[in-house]
Amino acid sequence: MTTTQIDDAVRQAIGAIAPEADLSTVDPDERLRDAFDIDSLDFVRLLEQLQNLTGVTVPESDYAKIATLRELTAYVEAHAT
Amino acid sequence: MPEFAMPSLGADMDEGTLLEWLVKPGDVVHRGDVVAVVDTAKAAMDVEIFQDGVIEKLIAEPGTTLPVGAPLAVIGGEGAAATPEAPAAVRVPTLAPPSGTGLLVESPLVRHRARKLGVDLADVVGTGPGGVITRADVDAHAAAAPQVKPKRRPPVAIPAQARPPVSPFARRRAAELGVDLGVVQGSGPGGAIIAVDVERAAARPTPVAAEPGAPQREPAAPVAPDMQAKARAMRKAIGQLMARSKREIPHYYLSTTIDLTVATDWLHQANLDRPLSSRLVPAVLLLKASARAIRDVPEMNGFWLDDEFVPGPGVHLGVAISLRQGGLIAPAIHHADNLTLDELMEHLRDLVSRARAGRLKQSEMDPTITVTNLGDQGVDSVHGVIYPPQVALVGFGKVAERPWADGGMLGVRTCVTATLAADHRASDGHRGGLYLAAIDSLLRKPEEL
């Protein structure tokens, strides 16, 4: 996957969980939880969306590594085939 | 002829707006079928019917706002299925329950309600699952009783903003007298409806007719409210219910910090082999423990009605769900104490997504105790406000590592602060403490949850 494709997939997944989110103005280093008002259930749903779009499955032990938009995008980039 | 009435979809609901019919006259309906969508101040909800029959006539037009208990449709009985063409006028009203069969009553709550409203249950037609009599049936029967003819009345549209305040006592009197508050003219401060207004209205021969010249009654059909109006209506509904809670319920508050290390370790282990779609979140453990602990301290589960505690018919665990557009709603997961963690997780996911999509079901609005989990927002603890007429609310803060002293040693443990807000009329702090202790002890053995 290209960086653009991954970026799109991440945006699409967040959009599905937080439809009102404006990704153009969000600080990529703000925590997703705060930026998009995402709770633990939303987070699992977000990862599910992402899995469907990119094939990347995030184990629970890696949750702490993907707290921000930048981290999440980087994680998918590193694990996508 | 049985009527299908505007249901009460929560203690804070006085009226609802019929959004759409999912059935038409002549349709055969069965218990549990979703027949309409009703919008409340909080959310649009799927409304189920609790009897078998044929839709005889749709009374209410989509877009109209009607008080709880107002007739929405006329349902023909089983016999009607064979002759859907027969005019309604020639059919014998079938108000009596099948003779010989014992009365089916859903819960002690319903019996209590009937006693309070002076309703003889033998006269009430049960529309609940299996023909059981529900609270709504009792209310509908009580509301219909003082009318000379149980004929349909013209829907009265009441703009939400124009509704005068109603004193709690007036509300109770209205329920006792079967008076529709929508047609009562208030004489209290600011046009508030007080008990004497209700009694006056009850004495009038035609309680359904709107007083001419009553300024707050505009027959204009309400238009679809915009998001802002919707948000205002929700804030108002929450405000009224919470104000009532603080006014009427003598809350007491307890809090305890629970060591969740064993539980979270167990959870991580359990999640290792699971696909994303079936992973458990810590909240599920907290919900399950809260539900199971009721077995030890049942007086936390139920309602305070007319100066006495009425136990819940099961542990219907209300889950406070914040809505993305603001506000919150607390639908119930039925018999949560009997569900496995996987089942509970599935119910929770389903409930949250439907609550946010505005598609909850009427049958889900009957929690017997509520849990609020604000841990994801990062707060340490939450001291909640009880949802009347419930008697307890459990709160959980964030799950986080804390310094923890045990046996003379200091260590780092994963902890959560659990709180209990409970109704002092129904229980004392001692019992409340036992309830929190039961939650604590259950969370130490997650494999048994």
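# Report on a predicted two-chain model

Strand S2 (residues 15–21) of chain B pairs with strand S7(B) in the antiparallel sense, over 3 bridges. Within this pairing, B:Gly16 stands opposite B:Leu66 in S7(B). Helices (H or I, at least four residues) and strands (E, at least two) are DSSP runs, numbered from the N terminus, and two strands pair if DSSP finds at least two bridges between them.

This is a predicted model, in which local features need pLDDT of at least 70 and side-chain atom pairs count only at pLDDT 80 or more, while totals for chains, interfaces and linings use all residues. Residues are numbered from 1 along each chain as its sequence is written, and chains are lettered from A and ligands numbered from 1 in the order in which they are written.

## Sheets of chain B

The pairing of S2 with S7 belongs to an open sheet of 5 strands in chain B, with the order S7-S2-S4-S5-S16 and mixed pairing. Strand S7 (65–67) and strand S16 (360–361) of chain B stand at its edges with a single partner strand each, so one side of each is left without a neighbour in the sheet.

Another open sheet of chain B has 4 strands in the order S1-S8-S6-S3, with antiparallel pairing. Its edge strands are strand S1 (3–5) and strand S3 (28–29) of chain B, each of which pairs on one side only. S3(B) is joined to strand S6 (residues 53–58) of chain B by 2 bridges, and these two strands run antiparallel. In this pair B:Val29 stands opposite B:Gly53 in S6(B).

Further along chain B, strand S19 (residues 400–406) and strand S20 (residues 409–423) run antiparallel and are joined by 7 bridges. They form a hairpin with 2 residues between them, and B:Gly407 in the turn has a positive phi of about 60°. The bridge partner of B:Pro403 in S20(B) is B:Val412. S19(B) is hardly covered: of its 7 residues, the count that is buried is 0. Here a residue is buried if 20 or more other C-beta atoms lie within 10 Å of its own, exposed if 12 or fewer, and partly exposed in between, with C-beta atoms placed from the backbone.

## Nonpolar cores

In soluble globular proteins, nonpolar side chains tend to be buried together. A nonpolar core is a set of buried Ala, Val, Leu, Ile, Met, Phe, Trp, Tyr and Cys residues joined through C-beta atoms within 7 Å. The largest such core has 108 residues, and those with the most contacts inside it include B:Leu72, B:Val284, B:Leu317 and B:Leu348. Helix H7 (residues 282–292) of chain B gives the most to this core, with 7 residues. Apart from this core lies another, of 9 residues, among them B:Val179, B:Leu181, B:Val183 and B:Val198.

Two residues are in contact if their C-beta atoms, placed from the backbone, lie within 7 Å. Not counting residues up to four places away in sequence, B:Val284 touches B:Leu341, B:Leu344, B:Met345 and B:Leu348.

## Chain A and its contact with chain B

Chain A has 4 helices and 0 strands, and along the sequence it follows the pattern α-α-α-α. Of its 81 residues, 30% count as buried. Among contacts in chain A between residues at least 6 apart in sequence, 64% join residues at least 24 apart.

Between the chains, 12 residues of chain B are in contact with 13 residues of chain A. Helix H6 (261–272) and helix H8 (341–357) of chain B are the elements that give two or more residues to the side of chain B that touches chain A. H8(B) gives the most to that side, with 3 residues. By class, the side has 5 nonpolar, 3 polar and 4 charged residues; Ala, Val, Leu, Ile, Met, Phe, Trp, Tyr, Cys and Pro count as nonpolar, Asp, Glu, Lys and Arg as charged, and the others, Gly among them, as polar.

## Backbone features in loops of chain B

Two residues other than glycine with a positive phi are set out below.

| Residue | Phi | Loop of chain B | Other C-beta atoms within 10 Å |
|---|---|---|---|
| B:Asp306 | near 50° | between strand S10 (302–305) and strand S11 (308–311) | 12, exposed |
| B:His335 | near 50° | between strand S15 (332–333) and H8 | 14, partly exposed |

A cis peptide bond joins B:Pro388 and B:Pro389, with omega about 0°. B:Pro389 lies in the loop between strand S17 (369–373) and strand S18 (392–396) of chain B.
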